[in-house]
Amino acid sequence: MRTLRIKKQKCIGVILGMSVLLAACGTSSTNNQELFGYVPPKTKDVSQALIADPATNTPFSFIAAPNELLIAYFGYTHCPDLCPTTLVNIKNAKKKMGELAARVDLAMITVDPNRDTKDVLPRYLASLSDRFHALIPSDDEELRRAEEFFQTSSSVTVTGDKVEVVHSGTAYVIDDKGVVVVEWPFGIDANSMAHDLTVLLNKKVKAT
């Protein structure tokens, strides 16, 4: 049986770094319209990033439906900490949003496709979300191309019966033009997520 061992130093580095970022982004906010997540200073268009969607047998493009938002997350089902914590926070955030939650979609891209098969990944997400896309890269090149658009990276190393996975803990909120409007580094809580999503969705209502 394979055992999983995460590279602790890298994960700890991500968490500590994100904690500093959280302090800059959230705790000093006095305007209730200000986002708690990180807003990219330059437009990050991910609309051309494509990942295979086994449910439809077509490439999935990272563009939210009109007047909705799409949350994209790179992770894997065997993750012991970053992934379940983030996905549970997203689930709880939607519970806090009332009717607005129906306008929030979720796409998880596995960085461990050898273990996260078309039977495994959807079952995992079904326990965490009522609406989702379980995306499994058809090959490593497809994953790397998508990661370039999001400016992230991951790695899986197999040594004997040990599997080492390194990945970012960031979740990306994408609008209906395929632009990342806010990023949530690991550690942002459900209340902050719900706040950001509500602000962004209300802005869309005012714009229309």
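This is a short tutorial dialogue on reading a few features of the predicted model above.

User: Before we start, what kind of model is this, and how are its residues numbered?

Analyst: It's a predicted model, where local features need pLDDT of at least 70, side-chain atom pairs count only at pLDDT 80 or more, and totals for chains, interfaces and linings use all residues. Residues are numbered from 1 along each chain as its sequence is written, and side-chain values use heavy atoms, with hydrogens and water left out.

User: Okay, how many helices and strands does the protein have?

Analyst: Helices (H or I, at least four residues) and strands (E, at least two) are DSSP runs, numbered from the N terminus. Here you get five helices and ten strands.

User: How much of the protein is buried?

Analyst: Buried means under 20% relative accessible area, exposed over 50%, and partly exposed in between, using a 1.4 Å probe and protein chains only. By that rule, 48% of the 208 residues are buried. You can also look at contacts, meaning heavy atoms within 4.5 Å. Take the contacts between residues at least 6 apart in sequence: 73% of them join residues at least 24 apart.

User: How do two strands count as paired, and which strand does β2 run antiparallel to?

Analyst: Two strands pair if DSSP finds at least two bridges between them. In this model, β2 and strand β3 (residues 58–61) run antiparallel and are joined by four bridges. Asp53 stands opposite Thr58 in β3. The hairpin they make has four residues between the strands, and Asn57 there takes a positive phi near 60°.

User: Now salt bridges. How many are there in the whole structure?

Analyst: A salt bridge is a side-chain nitrogen of Lys or Arg within 4 Å of a carboxyl oxygen of Asp or Glu. The search finds eight of them. One joins Glu183 and Lys44, at 2.5 Å from N to O. That pair links distant parts of the chain, 139 residues apart: Glu183 is in strand β10 (residues 180–184), and Lys44 is in the loop between α1 (8–27) and β2 (50–53).

User: Are those two residues buried or exposed?

Analyst: Glu183 counts as buried, because its relative accessibility is 10%. Lys44 is buried too, at 8%.

User: Which residues does Arg144 bridge to?

Analyst: Arg144 meets Asp140 at 3.0 Å, N to O, and it also bridges to Glu147, with the closest N and O atoms 2.7 Å apart. Arg144 and Asp140 both lie in helix α4 (residues 140–150), four residues apart, about one turn of the helix. Glu147 is three residues from Arg144 in α4, so about one helical turn separates them. As for cover, Arg144 is partly exposed at 28% and Asp140 is partly exposed at 47%, whereas Glu147 is buried at 2%.

User: Which residues form a network of salt bridges?

Analyst: Glu68, Asp105 and Arg131 are linked that way.

User: Last one: how many disulfides are there, and why do Cys79 and Cys83 not form one?

Analyst: A disulfide is a covalent bond between the sulfur atoms of two cysteines. The cut-off used is a pair of cysteine sulfur atoms within 2.5 Å, and the search finds zero. The sulfur of Cys79 has its closest cysteine sulfur in Cys83, 3.4 Å away, so the pair is too far apart for a bond. Cys79 is buried, with a relative accessible area of 7%, and Cys83 is buried at 0%.
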